[in-house]
Amino acid sequence: MRDFRKYKVWNDAIELSTLVYQITEKMPWFEKKGLCDQLQRAVVSIASNIAEGSARPTNSEFAHFLDFSLGSAFEVETQLNIAKNVGYITDDIFNNLTIKLNEIERQLNGLLNSLRS
C-alpha cells in the first residue's frame with residue numbers, strides 16, 4: 001500500500017483545496033449551490049482520488065484514480081476561468097490558483113507516466 005501523505009501532489013492538492021474554500025466563501029450567496037459547490041467538489045476530488053487510488057494494489061488501478069484526479073483538475077481550471085470571467089475572482093487570484101493548479105496537473109501527468117512505463 002502506498003502512503004498518499006508522502007506524495008507532493010497530494011499535499012499540493014490539499015493546499016489548493018484550502019485556498020479554493022477560502023475564495024468561494026467570499027463569492028455571492030446565490031452561487032453557494034452553483035459555482036461554489038461545483039468548484040469545491042471538483043477541487044476536493046483531486047486529493048481524494050489520489051488518496052483512494054493509493055490504496056489500490058496495482059499500478060494500473062492507481063493510475064485509473066489519478067486519471068480521475070487529472071480530470072477534476074481540468075474541471076477546476078474551467079470553473080476558475082468562469083469565476084474570473086464573471087468577476088468573482090480577480091486576475092491576480094486566478095493567476096495564482098492557476099499556477100498552483102498547473103503544477104498539480106504536471107505532477108499528476110508525471111506520476112501517471114511513471115506508473116504506465
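# Exercises on helix packing in a predicted model

H2 and H3 are roughly antiparallel to each other, a conclusion that the first exercise therefore derives from their angle. The model is predicted.

## Exercise 1

Task: Work out the relative direction of helices H2 and H3 from the angle at which they pack.

Solution.
- Step 1. Two packed helices are described by the angle between their axes and the distance between the axes.
- Step 2. H2 covers residues 35-54 and H3 covers residues 59-85; they pack at about 160°, and their axes are 8 Å apart.
- Step 3. Angles over 145 degrees count as roughly antiparallel.
- Step 4. H2 and H3 are therefore roughly antiparallel.
- Step 5. The crossing in which H2 passes H3 is left-handed. Sorted by class, the contact of H2 with H3 has 15 nonpolar, 8 polar and 2 charged residues.

## Exercise 2

Task: Apply the reasoning to H3 and H4, and give the classes of the residues in the contact of H3 with H4.

Solution.
- Step 1. Helix H4 is made up of residues 91-116, and the axes of H3 and H4 are 10 Å apart at an angle of about 165°.
- Step 2. This angle makes H3 roughly antiparallel to H4.
- Step 3. H3 and H4 cross in a left-handed sense.
- Step 4. The contact of H3 with H4 has 15 nonpolar, 5 polar and 6 charged residues.

## Exercise 3

Task: Describe how H1 and H2 are arranged, using their axes.

Solution.
- Step 1. The axes of H1 and H2 cross at roughly 165° and come within 9 Å.
- Step 2. H1 and H2 are therefore roughly antiparallel to each other.
- Step 3. H1 passes H2 in a left-handed crossing.

## Exercise 4

Task: Compare the span of helix H1 with the expected value, then state where its buried residues fall around the axis.

Solution.
- Step 1. H1 runs over residues 8-24, which is 17 residues.
- Step 2. From first C-alpha to last, H1 reaches 24 Å, close to the expected 24 Å at 1.5 Å a residue.
- Step 3. Buried in H1 are Val9, Trp10, Asp12, Ala13, Leu16, Ser17, Val20, Ile23 and Thr24.
- Step 4. Seen down the axis of H1, these buried residues fall within an arc of 155°, so they line one face of the helix.
- Step 5. As background, an α-helix has 3.6 residues a turn, so residues three or four places apart point the same way.

## Exercise 5

Task: Classify isoleucine 46, leucine 66, isoleucine 23 and leucine 115 as buried or exposed, and give a C-alpha separation for each.

Solution.
- Step 1. The cut-off for a buried residue is under 20% relative accessible area.
- Step 2. Isoleucine 46 is found in H2, and its 0% relative accessibility makes it buried. The C-alpha atoms of isoleucine 46 and serine 17 are 8.6 Å apart, with their positions 29 residues apart along the chain.
- Step 3. Leucine 66 lies in H3 and is buried at 0%. The C-alpha atoms of leucine 66 and isoleucine 46, 20 residues apart along the chain, are separated by 8.2 Å.
- Step 4. Isoleucine 23, in H1, counts as buried at 18%. From isoleucine 23 to serine 69, 46 residues apart along the chain, the C-alpha separation is 21 Å.
- Step 5. Leucine 115 is in H4 and counts as buried at 15%. The C-alpha atoms of leucine 115 and serine 60 are separated by 7.1 Å, although the two residues are 55 residues apart along the chain.

Methods. Residues are numbered from 1 along each chain as its sequence is written. This is a predicted model: local features need pLDDT of at least 70, side-chain atom pairs count only at pLDDT 80 or more; totals for chains, interfaces and linings use all residues. Side-chain values use heavy atoms; hydrogens and water are left out. Axes are lines fitted to C-alpha atoms, for helices over the stretch in contact, and angles run from 0 to 180 degrees between N-to-C directions. Helices (H or I, at least four residues) and strands (E, at least two) are DSSP runs, numbered from the N terminus. Angles under 35 degrees count as roughly parallel, over 145 as roughly antiparallel, 65 to 115 as roughly perpendicular and the rest as oblique. A crossing is left-handed if the near helix is turned anticlockwise from the far one by less than a right angle, and right-handed if clockwise. Ala, Val, Leu, Ile, Met, Phe, Trp, Tyr, Cys and Pro count as nonpolar, Asp, Glu, Lys and Arg as charged, and the others, Gly among them, as polar. The expected span of a helix is 1.5 Å times one less than its number of residues. Buried means under 20% relative accessible area, exposed over 50%, partly exposed in between (1.4 Å probe, protein chains only). The arc is that of the directions from the helix axis to the C-beta atoms.
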